[in-house]
Amino acid sequence: MKPKMQLGRLNHIGVATPSIADSIVFWRDVMGATKIHEPFDLPEQGVKVCFVDTPGADGALNGTQIELIEPLPGNAGIAAFLAKNPAGGQHHMCYEVPEIHAAKAAFEALGKRVLGEPRIGAHGTLIFFVHPKDMGGVLTEIMETPKAAH
Ligand code: CO
(Lines give C-alpha, C1' and ligand atoms only; values in the text may rest on other atoms or scores of the structure.)
Protein backbone atom coordinates (compact mmCIF):
# COMPACT_ATOMS: atom_id res chain seq x y z
CA MET A 1 0.00 0.00 0.00
CA LYS A 2 1.26 3.46 -0.82
CA PRO A 3 2.00 5.75 2.13
CA LYS A 4 -0.68 8.42 2.40
CA MET A 5 -0.19 12.10 3.15
CA GLN A 6 -2.38 13.19 6.08
CA LEU A 7 -2.89 16.94 5.66
CA GLY A 8 -3.16 18.77 8.97
CA ARG A 9 -3.73 22.40 9.88
CA LEU A 10 -1.96 25.28 8.17
CA ASN A 11 0.49 25.99 10.97
CA HIS A 12 2.22 29.06 9.57
CA ILE A 13 3.10 31.14 6.55
CA GLY A 14 6.78 31.99 6.27
CA VAL A 15 7.54 35.57 5.28
CA ALA A 16 11.11 36.61 4.58
CA THR A 17 12.08 40.07 5.72
CA PRO A 18 15.26 42.15 5.65
CA SER A 19 14.44 43.29 9.20
CA ILE A 20 12.38 41.45 11.79
CA ALA A 21 12.43 44.61 13.92
CA ASP A 22 10.76 46.60 11.12
CA SER A 23 8.31 43.77 10.42
CA ILE A 24 7.26 43.67 14.07
CA VAL A 25 6.32 47.34 13.83
CA PHE A 26 4.31 46.58 10.66
CA TRP A 27 2.42 43.66 12.23
CA ARG A 28 1.70 45.62 15.40
CA ASP A 29 0.82 49.03 13.97
CA VAL A 30 -0.61 48.22 10.53
CA MET A 31 -2.08 44.74 10.99
CA GLY A 32 -3.12 45.11 14.62
CA ALA A 33 -1.39 41.96 15.86
CA THR A 34 -1.75 41.66 19.63
CA LYS A 35 0.58 38.72 20.21
CA ILE A 36 4.08 38.88 18.73
CA HIS A 37 6.55 36.41 20.18
CA GLU A 38 10.16 37.15 21.08
CA PRO A 39 12.44 36.68 18.04
CA PHE A 40 15.03 33.91 18.34
CA ASP A 41 17.92 32.48 16.33
CA LEU A 42 17.57 29.10 14.66
CA PRO A 43 21.24 28.53 13.80
CA GLU A 44 20.63 25.09 12.24
CA GLN A 45 18.51 26.81 9.59
CA GLY A 46 20.67 29.95 9.43
CA VAL A 47 17.77 32.23 10.32
CA LYS A 48 16.34 34.44 13.00
CA VAL A 49 12.60 33.88 13.32
CA CYS A 50 9.69 35.63 15.00
CA PHE A 51 6.15 34.28 15.25
CA VAL A 52 3.06 36.46 15.06
CA ASP A 53 -0.17 34.87 16.31
CA THR A 54 -3.49 35.30 14.53
CA PRO A 55 -6.88 34.35 15.93
CA GLY A 56 -8.48 31.03 15.12
CA ALA A 57 -12.17 30.49 14.40
CA ASP A 58 -12.97 30.76 18.12
CA GLY A 59 -11.28 34.17 18.42
CA ALA A 60 -8.47 32.82 20.60
CA LEU A 61 -4.92 33.46 19.39
CA ASN A 62 -4.52 29.89 18.19
CA GLY A 63 -4.85 30.36 14.44
CA THR A 64 -2.26 30.16 11.72
CA GLN A 65 0.91 32.01 12.61
CA ILE A 66 3.07 34.27 10.50
CA GLU A 67 6.74 33.26 10.70
CA LEU A 68 8.98 36.24 10.06
CA ILE A 69 12.35 35.05 8.76
CA GLU A 70 15.53 37.10 8.63
CA PRO A 71 18.75 35.51 7.38
CA LEU A 72 21.66 35.10 9.77
CA PRO A 73 25.07 35.94 8.27
CA GLY A 74 26.10 33.19 5.83
CA ASN A 75 22.57 32.12 4.88
CA ALA A 76 22.77 32.12 1.09
CA GLY A 77 19.23 30.89 0.45
CA ILE A 78 17.23 33.58 2.24
CA ALA A 79 19.76 36.23 1.22
CA ALA A 80 19.20 35.27 -2.44
CA PHE A 81 15.43 35.43 -1.89
CA LEU A 82 15.80 38.94 -0.46
CA ALA A 83 18.07 39.96 -3.34
CA LYS A 84 15.13 39.15 -5.64
CA ASN A 85 12.55 40.55 -3.23
CA PRO A 86 14.26 43.45 -1.44
CA ALA A 87 11.17 44.37 0.59
CA GLY A 88 10.73 40.74 1.67
CA GLY A 89 7.87 38.48 0.67
CA GLN A 90 6.02 35.23 1.13
CA HIS A 91 8.59 32.45 1.37
CA HIS A 92 6.82 29.19 2.34
CA MET A 93 3.66 27.59 3.72
CA CYS A 94 3.84 25.09 6.57
CA TYR A 95 1.31 22.31 7.16
CA GLU A 96 1.15 19.98 10.13
CA VAL A 97 1.10 16.21 9.81
CA PRO A 98 0.64 13.59 12.54
CA GLU A 99 3.74 11.59 11.55
CA ILE A 100 6.66 13.22 9.75
CA HIS A 101 8.30 10.08 8.36
CA ALA A 102 5.02 8.83 6.88
CA ALA A 103 4.54 12.21 5.19
CA LYS A 104 8.08 12.13 3.79
CA ALA A 105 7.51 8.63 2.41
CA ALA A 106 4.22 9.73 0.85
CA PHE A 107 5.82 12.67 -0.99
CA GLU A 108 8.76 10.57 -2.13
CA ALA A 109 6.42 7.85 -3.42
CA LEU A 110 4.93 10.55 -5.67
CA GLY A 111 8.35 11.65 -6.87
CA LYS A 112 8.31 14.93 -4.94
CA ARG A 113 11.73 16.27 -4.02
CA VAL A 114 12.08 16.34 -0.23
CA LEU A 115 14.93 18.71 0.66
CA GLY A 116 17.09 16.94 3.21
CA GLU A 117 16.26 14.75 6.15
CA PRO A 118 13.68 15.72 8.80
CA ARG A 119 15.25 18.08 11.33
CA ILE A 120 14.10 20.10 14.33
CA GLY A 121 12.22 23.22 13.26
CA ALA A 122 11.14 26.44 14.91
CA HIS A 123 8.41 24.76 16.97
CA GLY A 124 10.74 22.07 18.32
CA THR A 125 9.26 19.27 16.22
CA LEU A 126 10.62 17.60 13.10
CA ILE A 127 10.21 19.43 9.79
CA PHE A 128 11.22 19.08 6.16
CA PHE A 129 10.76 21.15 3.02
CA VAL A 130 9.47 20.03 -0.38
CA HIS A 131 10.80 21.64 -3.56
CA PRO A 132 8.50 24.39 -4.89
CA LYS A 133 8.79 23.11 -8.47
CA ASP A 134 7.05 19.90 -7.35
CA MET A 135 4.43 21.77 -5.31
CA GLY A 136 2.72 24.15 -7.70
CA GLY A 137 5.36 26.80 -7.15
CA VAL A 138 5.03 26.90 -3.35
CA LEU A 139 7.98 26.04 -1.14
CA THR A 140 6.20 23.74 1.31
CA GLU A 141 7.26 22.98 4.86
CA ILE A 142 5.85 19.93 6.58
CA MET A 143 6.03 19.78 10.36
CA GLU A 144 5.02 17.15 12.85
CA THR A 145 2.18 18.43 15.04
CA PRO A 146 3.52 19.40 18.46
CA LYS A 147 2.33 16.99 21.12
CA ALA A 148 -0.12 18.81 23.38
CA ALA A 149 1.90 20.53 26.09
CA HIS A 150 -1.11 20.75 28.42
CO1 CO B 1 8.52 27.74 8.59
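Mentor: Let's start with the words we will need: a residue is buried when its relative accessible area is under 20%, exposed when that area is over 50%, and partly exposed in between. Keep in mind that this is a predicted model.

Trainee: Thanks! Why is Lys48 called partly exposed?

Mentor: Lys48 has a relative accessible area of 26%. Partly exposed covers the range between under 20% and over 50%, so Lys48 belongs there.

Trainee: And what makes the contact of Asp41 and Lys48 a salt bridge?

Mentor: Their side chains meet at 3.5 Å, N to O. The cut-off is a Lys or Arg side-chain nitrogen within 4 Å of a carboxyl oxygen of Asp or Glu, so the pair qualifies. Asp41, at 42% relative accessibility, is partly exposed too.

Trainee: How many salt bridges does the structure hold?

Mentor: Seven. One of them joins Glu96 and Arg9, with 3.0 Å from N to O. Glu96 lies in strand S5 and Arg9 in the segment before strand S1 (10-16), so this bridge ties together parts that are 87 residues apart in sequence.

Trainee: Are Glu96 and Arg9 buried or partly exposed?

Mentor: Glu96 has 8% relative accessibility, which falls under 20%, so Glu96 counts as buried. Arg9 has 36%, so Arg9 is partly exposed.

Trainee: Where do Glu108 and Lys104 lie?

Mentor: Both are in helix H3, four residues apart, about one turn of the helix. Their side chains meet in a salt bridge at 3.3 Å, N to O. Lys104, Glu108 and Glu117 are linked in a network of salt bridges. Try the accessibility test here: Lys104 is at 12% and therefore buried, while Glu108, at 39%, is partly exposed.

Trainee: Now the metal. Which residues are the protein donors of the cobalt ion?

Mentor: They are His12 (NE2), Glu67 (OE), His92 (NE2) and Glu141 (OE), 2.0 to 2.1 Å from the ion. The cut-off for a donor is within 2.8 Å of the metal, so these distances pass.

Trainee: Why is the site of the cobalt ion called irregular?

Mentor: The angles among its four donor atoms run from 87 to 175 degrees. Tetrahedral would require all angles to lie between 85 and 135 degrees, so 175 rules that label out. The site is classed as irregular, so it does not meet the square planar limits either.

Trainee: How are the donors spaced along the chain?

Mentor: The spacing is H-x54-E-x24-H-x48-E. Glu67 in strand S4 (residues 65-71) and His92 in strand S5 (residues 89-97) are 25 residues apart, so this pair links distant parts of the chain. Glu67 is buried at 6%, and so is His92 at 2%.

Trainee: Turning to helix H1, which of its residues are buried?

Mentor: Ile20, Ser23, Ile24 and Trp27. They cover an arc of only 105 degrees around the axis, which puts them on the same side of H1. The face turned away from that buried side carries the exposed residues Ala21, Asp22 and Asp29.

Trainee: What about helix H2: which residues are buried there?

Mentor: In H2 (residues 76-84), Ile78, Phe81 and Leu82 are buried. Their arc is only 95 degrees, which puts them on the same side of the helix. Ala76, Ala83 and Lys84 are exposed on the other side.

Trainee: Which residues make the nonpolar surface patch?

Mentor: Phe26, Val30 and Met31 make it, with an area of about 300 Å². Met31 is found in the loop between helix H1 (20-29) and strand S2 (40-42).

Conventions: Residues numbered from 1 in each chain as written. Predicted model: local features only at pLDDT ≥ 70, side-chain atom pairs only at ≥ 80, totals over all residues. Heavy atoms only, no water. Donors = N, O, S within 2.8 Å, 3.2 Å for Na, K, Ca; no water. Tetrahedral: all angles 85-135°; square planar, octahedral: opposite > 155°, others 65-115°. Helix = DSSP H or I, 4+ residues; strand = E, 2+ residues; numbered from the N terminus. Buried < 20%, exposed > 50% of the residue type's maximum accessible area, 1.4 Å probe, protein only. Patch = residues over 30% accessible without salt bridge, like charges linked within 9 Å, V, L, I, M, F, W, Y side chains within 5 Å. Areas by Shrake-Rupley, 256 points an atom, 1.4 Å probe, with all protein chains shown as cover. Arc of directions from axis to C-beta.
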